[in-house]
Amino acid sequence: MIVRMSKVEIVGPKARIQDALSLIQATGVLQIERDAGGFIEKGVEEHVRGFLLDEKTLSERLFLESLRLKLDELLSHLPKLTVRKSYINPVSIIDTVSYTIDKHLEVCRGLRRQKETLQKELSELGRHTAFLKTLGTLFTGALETPDLDFIGLTIKDPAAVGRLREVLSRLTDWKFELLTAVAEDGATVGLITLGKDFSDKVRKALSDEHIPELDFPPSFGRLSFPEKIVYIKKRTEELAARIRTVDAELAELCLRWTPLYIAVRDWIDERLSLLRTTASVFETKMCFSMHGWMPSDDVPRLRSQLAASFGMQMVVEEKEIREEDLEHVPVVLRNRAYFKPFELFSRLLPLPRYTSYDPTPFIGVFFPVLFGIILGDAGYGIVLVILSFILLTRFRKQRNVADAGRILRVASLNSIIFGFLYGEFFGDLGHRLVGLKPIIVERSTAILPMLIFAIALGVAHVALGLLLGAFSAFRRKMRKEAIFKLATLFIILCLVAAVASLYVPFMVLMTRPIVIAILFVTPLLLFTGGLLAPLELLKSVGNIISYARIMAIGLTSVLLAFVANELAGLTGDIVVGVIVGGLLHVLNILLGILAPTIHSLRLQYVEFFSKFLEYGGKKFEPLSRGH
């Protein structure tokens with residue numbers, strides 16, 4: 001439900017403003033408004049102005065903002081490790097931290113620069129790694145052959161390898177060896193082994209053919225090719241070791257100092273929040289005044305806490321909420337234990353306005369019922385109940401997963417109930433084994449009755465939505481909109497009665513009065529809804545027809561369960577039959593979770609909520625620790 005809010009004003013002596021804000025922050029129940037419009041009474045605005053910070057407080061704010069930036073930079077340099085919690089009072093060491101932070105920043109910046117330099121050099125060497133891994137075995141014997149030369153290549157076009165062999169064979173009289181490999185980045189590299197007498201001619205030919213030699217860093221100097229290979233391996237190991245050393249130093253710094261710095265940062269955030277909020281407070285010559293919104297149930301508690309701390313110096317006054325204030329009232333959704341998990345679904349929607357409705361209770365009531373009607377299998381429901389308890393047991397600390405488990409538990413219980421009403425237990429397996437029979441209807445054969453039931457459910461659901469929309473419009477004094485919704489509802493009910501008169505004999509006499517009633521209400525519909533009113537009416541009728549998906553999706557699930565049991569019986573082997581039937585039932589259960597969930601929510605989000613729910617509410621953001 002949407003919590004009832006109060007518009008409040010707190011007044012006290014100017015000297016106690018920071019103490020009052022600290023207490024309000026600790027309670028976390030008041031959202032302070034920057035705009036005093038609607039709070040300060042006419043005639044006294046000229047005596048009220050924005051609160052001005054004194055020089056000492058302003059200096060404190062600038063100091064803390066600068067220190068906060070340094071803390072952010074330092075923590076960005078340090079690794080993300082799990083650290084202990086610091087219990088040292090940040091206020092007592094803030095001056096020490098302002099001194100140590102500069103020294104640690106200097107150390108971290110130096111280590112970061114050093115690591116970046118090492119990583120850059122390692123990256124430059126790394127592009128030769130795949131080439132060396134592939135061709136490294138060639139160099140073992142080549143090191144002892146001084147009359148050979150080695151030329152590394154980067155071949156852009158693999159198709160040029162054939163042309164390259166022709167050039168080399170002509171220049172060296174077939175006294176060469178060419179090996180190629182594909183590097184990790186997809187490039188083709190090659191190694192030419194040939195006598196030193198041919199080196200210059202080959203290098204010139206490669207340049208003419210636009211085939212570049214493998215480029216090595218300048219630090220390699222005039223090392224021979226095999227010596228370069230040895231150097232790369234050795235240098236790579238040295239760089240990796242030095243990077244590990246730098247990481248170890250950063251980790252040690254992180255484990256030792258991060259808990260303290262995080263505690264200081266959190267305290268600074270709270271303190272800065274107070275100092276910035278001061279800009280939203282107003283003052284006269286002697287007093288301060290702050291204005292805002294808070295849950296009405298929390299007003300007595302805040303009033304008693306202020307009285308306990310400041311005596312009669314602080315006054316909390318609830319002010320009248322005017323009609324023009326309604327658009328600015330922040331929204332708090334607070335639900336009972338049963339409905340609380342269904343906020344998982346209502347959080348997917350925009351926040352409703354303060355004058356509208358909380359969608360959570362409606363989802364909590366209708367979603368499990370629609371889910372049960374669609375799935376409607378007692379066997380599947382039992383499996384889902386077990387799954388829900390597994391989710392609640394293993395993921396109790398993960399809020400969203402635990403809420404999903406609680407929703408699944410309620411929905412699966414509805415599936416069990418409707419499963420017995422339909423006489424379904426893993427399809428017709430219950431009937432085959434123990435003679436289970438439907439209590440109300442067998443869905444696999446009663447297609448038309450199920451379709452009528454689904455449409456009737458749609459009529460009831462949409463009608464409720466229109467009634468809620470009309471009530472909401474009357475409450476907001478929008479009588480024209482309210483009458484339009486009631487007229488739409490009346491015509492829909494008349495259309496339902498007209499269709500029923502075609503099949504129910506005693507209702508034939510009602511056909512003419514129904515038509516006259518529709519003709520009488522239609523001008524009212526056009527007057528209140530405008531020229532687009534007929535389209536809105538057709539839209540509502542279409543919303544009702546879309547509830548036929550309840551029958552269609554449920555029938556699909558039933559037939560798939562029957563097919564699973566039939567195929568299991570046709571195998572002629574118990575083991576194979578259990579496997580085949582079990583796999584199809586597992587697939588049907590997975591579909592039985594997804595399809596009813598998606599379509600049940602769609603029927604509420606689109607067909608139901610569109611009739612009365614108003615979105616665009618302001619989130620309640622009270623002054624509290626951590627904000």
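Is Cys 287 buried, partly exposed or exposed? In this model, which is predicted, Cys 287 has a relative accessibility of 30% and therefore counts as partly exposed. A second cysteine, Cys 108, can be set beside it, and its relative accessible area is 0%, so Cys 108 is buried.

With cysteines in view, a reader may go on to ask how many disulfides the structure holds. A disulfide is a covalent bond between the sulfur atoms of two cysteines. The structure holds zero of them, and Cys 108 lets us follow the reasoning for one residue. The cysteine sulfur closest to that of Cys 108 belongs to Cys 254, and because the two sulfur atoms are 9.2 Å apart, they are too far from each other for a bond, given that a disulfide is counted for sulfur atoms within 2.5 Å.

From the cysteines we can turn to the backbone, where two loop residues deserve a careful look. Phe 426 is found in the loop between helix 13, which covers residues 399–422, and helix 14, which covers 429–434. Its phi is positive, at about 50°, although Phe 426 is not a glycine. Phe 426 has a relative accessible area of 19%, and it therefore counts as buried, since the limit for that class is under 20%. Lys 477 also has a positive phi, near 60°, and is likewise a residue other than glycine. Its place is in the loop between helix 15 (447–475) and helix 16 (479–501). Here, however, the relative accessibility is 57%, so Lys 477 counts as exposed.

The next part of the picture is the empty space inside the protein. How many cavities of 30 Å³ or more are there? The count comes to one, and the space in this largest cavity is about 50 Å³. Its lining is made up of Ile 373, Arg 443, Ile 447, Met 450, Ile 550, Met 551, Gly 554 and Leu 555. Two elements, helix 15 and helix 19 (549–570), give two or more residues each to this lining, and helix 19 gives the most, with four residues. When the lining residues of the largest cavity are sorted by class, six are nonpolar, one is polar and one is charged.

Beyond the cavity there are pockets, and the largest pocket holds about 900 Å³ of space. It is lined by 30 residues, and those that lie nearest its centre are Gln 31, Lys 619, Phe 620, Glu 621 and Pro 622. At least two lining residues come from each of strand 2 (31–32), helix 8 (225–277) and helix 10 (343–346), with helix 8 supplying the largest share, three residues. The lining of the largest pocket is mixed in class, with twelve nonpolar, seven polar and eleven charged residues.

The second largest pocket, with about 550 Å³ of space, brings us back to helices 15 and 16, which each supply at least two residues of its lining, as does helix 18 (533–545). Helix 15 gives the most, with six residues. Of the 16 residues that line this second pocket, Ile 452, Ile 455, Val 496, Val 499 and Ala 500 lie nearest its centre. Which classes do the residues of this lining belong to? The lining of the second largest pocket has 16 nonpolar residues, with no polar and no charged ones.

Technical notes:
Residues are numbered from 1 along each chain as its sequence is written. This is a predicted model: local features need pLDDT of at least 70, side-chain atom pairs count only at pLDDT 80 or more; totals for chains, interfaces and linings use all residues. Side-chain values use heavy atoms; hydrogens and water are left out. Buried means under 20% relative accessible area, exposed over 50%, partly exposed in between (1.4 Å probe, protein chains only). On a 1 Å grid over the protein atoms alone, a cavity is a set of points where a 1.4 Å probe fits but cannot get out, and a pocket is an open set with protein on both sides within 12 Å along at least five of seven lines; lining residues have an atom within 4 Å of a point. Grid points are joined across faces, edges and corners, and a volume is the space filled by probe spheres set on the points. Ala, Val, Leu, Ile, Met, Phe, Trp, Tyr, Cys and Pro count as nonpolar, Asp, Glu, Lys and Arg as charged, and the others, Gly among them, as polar.
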